[in-house]
Amino acid sequence: MDIKSMKNYLYWLFCQFELITCSYLMEPWEKVLFYTFNVTMLVMLAYTAYIIFPVHISMAFQFSPCPQHSSSAYRVTAQLCSHSC
Amino acid sequence: MANPSAVCNGHLHHHHHQKQNNVLKSGVCKKNGITKGVKKNGVTNGTLYKKTFIEHFEQAPMYVAVLTFVGFGVGTIFGYLRDFMRAWGLEKRNVAQEREQQKDFVPLYQDFENFYTRNLYMRIRDNWNRPICSVPGPQFDLMERVTDDYNWTFRFTGRTIKNVINMGSYNYLGFAETDPNALKTVTKELQRYGTGICSTRQEMGTLDKHVELENLVAKFLGVEDAMVFGMGFATNSMNIPALVGKGCLILSDELNHTSLVLGARLSGATIRIFKHNNMQSLEKLLRDAIIYGQPRSRRAWRKIIILVEGIYSMEGSIVQLPEIVSLKKKYKAYLYLDEAHSIGAVGATGRGVVEYFGMNPDDVDVLMGTFTKSFGAAGGYIAGKKGLVDFLRTHSHSAVYATSMCPPVAEQIIRAMKCLMGLDGTTQGLQRVRQLGKNTRYFRRRLHEMGFIIYGNDDSPVVPLLLYMPGKIGAFARRMLEKNIGVVVVGFPATPITESRARFCVSAAHTREMLDTVLNALDELGDFLQLKYSRYSKSSHPELYEENRFEFED
């Protein structure tokens, strides 16, 4: 029962997306094109987040208990460059 | 003042005397066209209106505007894609094209509006121009049609969809009916006169029916004389050029109908536009016109005429007539009131906006209206002082060149008007007007309570419901038809690009059950399509509504 109402809700959300972005009006091949484009952009975004996210987290934790490091900024930039290569 | 005119030093002393006498007589001195006289301490604005005047033009939340632009953006990108494919031959071209031999000529078929028509309008075109096959009463029959190539061509399946509730026809008083008892006189006149006139008014096209109709219209409106024409649009576009010309000034409302705009442009007068129903804007334009005169020569304008409508059909707003009349009197301008949608539909006995505000019909210089909306016929009229109407009889393009109204249609208007005035011995006319008022108030109140954004005055039977997003226009109309309700949706060229709407026309012929069916369907559809954008439902702001307003609640 819960699955059914969940599915209905997701279908309704999908309908809203279709209406707002005018994909309700598109022909089937245009819809395929549009959804492929959207899914590709989302996947690329997710991949980029997956790569960059741990670096940001580790840098955030590195900064917290040492106020006396004067060359910490230099070390961080070196770390960032080495990670992105 | 028996002084003979004596010429002395080239000046006419007679003239001087007259001016002085004028000053002595009435204490009024005419200078520069503005009369400085004894003015009564004016009526304050609050008492110009005899009842409360509530209009709503609520703005949608910001996310709605953003999402609307997102929708239009995606539509535009795909439009460019499809145009590219059509230009490079990857897709069949369905629009009109140049001939091969004329490929090097200046193109005939390209401009931006066509872009919108090709790429957005075509996709949802099945919601317009639906052929009906019965009288457009409160319910009608539709011919079913399907499309095989995404709305470029249609074919009829042969079935008819029966008893679709009609929320789109301008049938305010319900006179579009086929009841034989009601149409007895019309049938008789049809058998007596036939259908064709085969002439114009000035040649041999004036029948006794026209004279009878014109006298009846004049009596109905409370003016001296009236003239009727065969077509409502042509009444405006052909008669405004007869009344104004070069050297005159036309002040027209922002949202005037195309017929008024066309008539104004054809006349050759200068046109200035004031903001919709905005009296400060109008007053500023009037003052500038009188102070600065014509653009280069600085002479006074020959005539200043204000063009307004009684009810604006896309907004549902009613003109602020008392203020316009007071402005017109102060600045000595003329007023042309187009009551196409308001005659028969507002006012205690259906006599239009002039009666709605309790004003004198002599205050409006030219009263124009149509018989298409509330009387179930076709044609238009212009009414006013006898001098004006006699002038139009000789100088109007419509009178000289256009065919006059055909007799059965004239008889339909006569019987509808007699019914409205009570001259047929029954109170049916008054009942219809009251029923329309009840239906209008009920419909608007329920829609406000549900949370939709509705534009316009609380007393106007034209109810625009805002949809905003282009994707929802098609979805709304199609789903309402599936529920057996016919609605009219309006999009870009007729409304601003972000404010597409569905327009309902309430009729006196709708029963409470029909309105309830429609309201329930709207409730359901509003939840499914997320159309309830209003941030103020009526129940949360009770102080906005006066206690002494009449609420017809059953």
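The following legends describe close-up views of a predicted model containing chain A and chain B.

**View 1. Confidence of the prediction in chain B.** The predicted model as a whole scores ipTM 0.72 and pTM 0.82. For chain B, the mean pLDDT is 85, and 87% of the residues reach 70 or more. Two stretches call for caution: pLDDT stays under 50 over residues 35–40 of chain B, and also over residues 540–554 of chain B. Beyond four places in sequence, the model has eight contacts for residues 35–40 and 19 contacts for residues 540–554. Where pLDDT is low, predicted coordinates should not be read in detail.

**View 2. The contact between chain B and chain A.** Chain B contributes 23 residues to the contact and chain A contributes 16 residues. Together the two chains bury about 1800 Å², of which 71% lies on carbon and sulfur atoms. Three salt bridges are found across this interface. A salt bridge joins the side chains of Arg82(B) and Glu30(A), with an N to O distance of 2.5 Å.

**View 3. Residues 60–81 of chain B.** An unreviewed UniProt entry annotates this segment as "transmembrane region". In the model, residues 60–81 of chain B are 91% helix and 0% strand. The C-alpha atoms at the two ends of the segment lie 31 Å apart.

**View 4. Helix H5 of chain B and its surroundings.** Helix H5 of chain B comprises 14 residues, 208–221. At 1.5 Å a residue the helix should span 20 Å, and because its end C-alpha atoms are 20 Å apart, the model agrees with that expectation. Buried residues of H5(B) include Lys209(B), His210(B), Leu213(B), Glu214(B), Leu216(B) and Val217(B); Ala218(B), Phe220(B) and Leu221(B) are also buried. Among the elements of chain B that cover these buried residues are helix H4 (184–193), helix H11 (386–395) and helix H13 (407–421). Strand E8 (225–229) and strand E14 (380–384) of chain B also contribute to the cover. After H5(B) comes Gly222(B), which has a positive phi near 80°.

**View 5. The environment of Leu249(B).** Leu249(B) belongs to strand E9 of chain B, residues 249–253. Burial is assigned to residues under 20% relative accessible area; Leu249(B) has 0% and is therefore buried. Although Leu249(B) and Ala269(B) are 20 residues apart along the chain, their C-alpha atoms are separated by 5.8 Å. Leaving aside neighbours within four places in sequence, Leu249(B) is in contact with Thr270(B), Arg272(B) and Ala289(B). Its further contacts are Trp301(B), Lys303(B), Ile304(B) and Ile305(B).

Conventions
Residues are numbered from 1 along each chain as its sequence is written. Chains are lettered from A and ligands numbered from 1 in the order in which they are written. Side-chain values use heavy atoms; hydrogens and water are left out. Helices (H or I, at least four residues) and strands (E, at least two) are DSSP runs, numbered from the N terminus. The expected span of a helix is 1.5 Å times one less than its number of residues. Buried means under 20% relative accessible area, exposed over 50%, partly exposed in between (1.4 Å probe, protein chains only). Contact means heavy atoms within 4.5 Å. pLDDT is the predictor's confidence in each residue, from 0 to 100. UniProt positions are given in the numbering used here, feature names are shortened, and annotations may be inferred rather than shown by experiment. Buried area is the accessible area (1.4 Å probe) that two parts lose on being put together, summed over both. A salt bridge is a side-chain nitrogen of Lys or Arg within 4 Å of a carboxyl oxygen of Asp or Glu.
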